[in-house]
Amino acid sequence: MESGQEVKILAIESSCDETAAAVVVNGRDVRSNMISSQIDIHTLYGGVVPEIASRKHIERINQVIEQALYTAGMSLDDMDAIAVTYGPGLVGALLVGVAQAKAIAYAKQLPLIGVHHIEGHICANYIENKDLEPPFFCLVVSGGHTHLVKVLDYGVYEVMGRTRDDAAGEAFDKAARAIGLGYPGGPKIEKASHAGNADAIPFPRAKVSGSAYDFSFSGLKSAVLNYLNGCRMKNIPIVQEDVAASFQKAVIDVLVDNAMRAAQEYQAEKFAIAGGVASNAVLRQRMETACKERGIRFYYPSPVLCTDNAAMIGTAAYYEYQAGRRDDWSLNAVPNLKLGSR
Ligand code: KG4
Ligand code: ZN
């Protein structure tokens, strides 16, 4: 480390449809957090088109990195390490970030640190909550993942529960498409639900047999489709807002219920949420109330740090760096990387 006490990390994230770069100092001091979203393009197709995502990452990544360094008032020569998401995610999208990070690290002879995307989402909680330290529980709810995780220490995770089928965000996206609200589903459903009755339609709350903390959302998705088809066949008008609000409540009931059962059984003192769905105001409110009732301290990142970003990757990388973990030039994209598989 050439710069005294400070560890400056340039972090790159390209696992899905955001091209992102950030400069993070000592893990929790975010000096820049640039995000170039591809949502406009993918909206035309009703969801993320992997081939288009990879191409857009290639077009944008250099500029996003330059902006991150410029905003931080630094250059590559100031960096102590280069971090990059290497999985899970879309393989072509991940490869763009991994290749870029390897090229920079090689050219500047800097340490390279591959970061697990879900670890990044969890670490987003450290950025604004300077007092948060492990151990704590975290509910990770994103477009690709629904994990109930025990954070035992920095970089040490135990997955208590996971989805058996669709992820929570995926369920939001699929339900929104079925209701006719478009992409991305989460924000569209949240907005529509403000004007809806969350108790209008009794959608199912799935219990998964064999594991106390696993989730399942595919039955709920089918229930939404069946409800909509039933209305169309019987010529009953569909109130989009009611369907959205009732669906959202069904997802959130299951998430909060599982989270609080784990919290109670393991006597959690701290509980955090992370991932794109964690930016949902109703989920945040429900989790906050449930934690308060049980005397548990509740943590959550700002919405911009819930959805994909590179600052969270820089934070996760700092703790990997401090633990002495480094990658070599064989680092590759791993689309189905498991949490804690280092
Ligand atoms: O973490 P993220 O940006 O990307 C992944 O790692 O998957 O999460 C994106 C997901 C999408 O499925 C999106 O619909 C969902 O997060 N999402 C939301 C909200 N904002 C984004 N879901 C519910 N309510 C929201 N406000
Ligand atoms: Zn994500």
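Start by selecting ligand 1 in this predicted model: 20 residues surround it. The closest are Gly-143, Asp-173, Gly-186, Glu-190 and Gly-276, so show those as sticks and turn the view until you can see ligand 1 among them.

Now look for the polar contacts. Select His-117: an N or O atom in its side chain sits 3.1 Å from an oxygen atom of ligand 1. Next, click on Gly-144, where a backbone N or O atom is 3.3 Å from an oxygen of ligand 1. Then go to Asp-308, which brings a backbone N or O atom to 3.0 Å from an oxygen atom of the ligand. Switch on a surface for the protein: on its own, ligand 1 has 550 Å² of accessible area, and the protein covers 89% of that.

Keep His-117 and Asp-308 on screen and select the zinc ion, ligand 2. Which residues are its protein donors? They're His-117 and His-121, each through NE2, plus Asp-308 through OD, and they lie 2.0 to 2.1 Å from the zinc. The site has four donor atoms, with angles of 96 to 134° among them, and its geometry is tetrahedral.

Finally, color the chain by residue number and trace the zinc donors along it: their spacing reads H-x3-H-x186-D. His-121 is in helix α4 (residues 117-128), while Asp-308 is in the loop between α10 (303-306) and α11 (311-322), so this pair ties together parts 187 residues apart in sequence. Are these two residues, His-121 and Asp-308, buried or exposed? Both are buried, so hide the surface again if you want to see them.

Definitions and conventions
Residues numbered from 1 in each chain as written. Chains lettered and ligands numbered in written order. Predicted model: local features only at pLDDT ≥ 70, side-chain atom pairs only at ≥ 80, totals over all residues. Heavy atoms only, no water. Donors = N, O, S within 2.8 Å, 3.2 Å for Na, K, Ca; no water. Tetrahedral: all angles 85-135°; square planar, octahedral: opposite > 155°, others 65-115°. Helix = DSSP H or I, 4+ residues; strand = E, 2+ residues; numbered from the N terminus. Buried < 20%, exposed > 50% of the residue type's maximum accessible area, 1.4 Å probe, protein only. Near = heavy atom within 4 Å. Polar contact = N/O pair within 3.5 Å; in protein donor to acceptor, adjacent residues only side chain to side chain. Areas by Shrake-Rupley, 256 points an atom, 1.4 Å probe, with all protein chains shown as cover.
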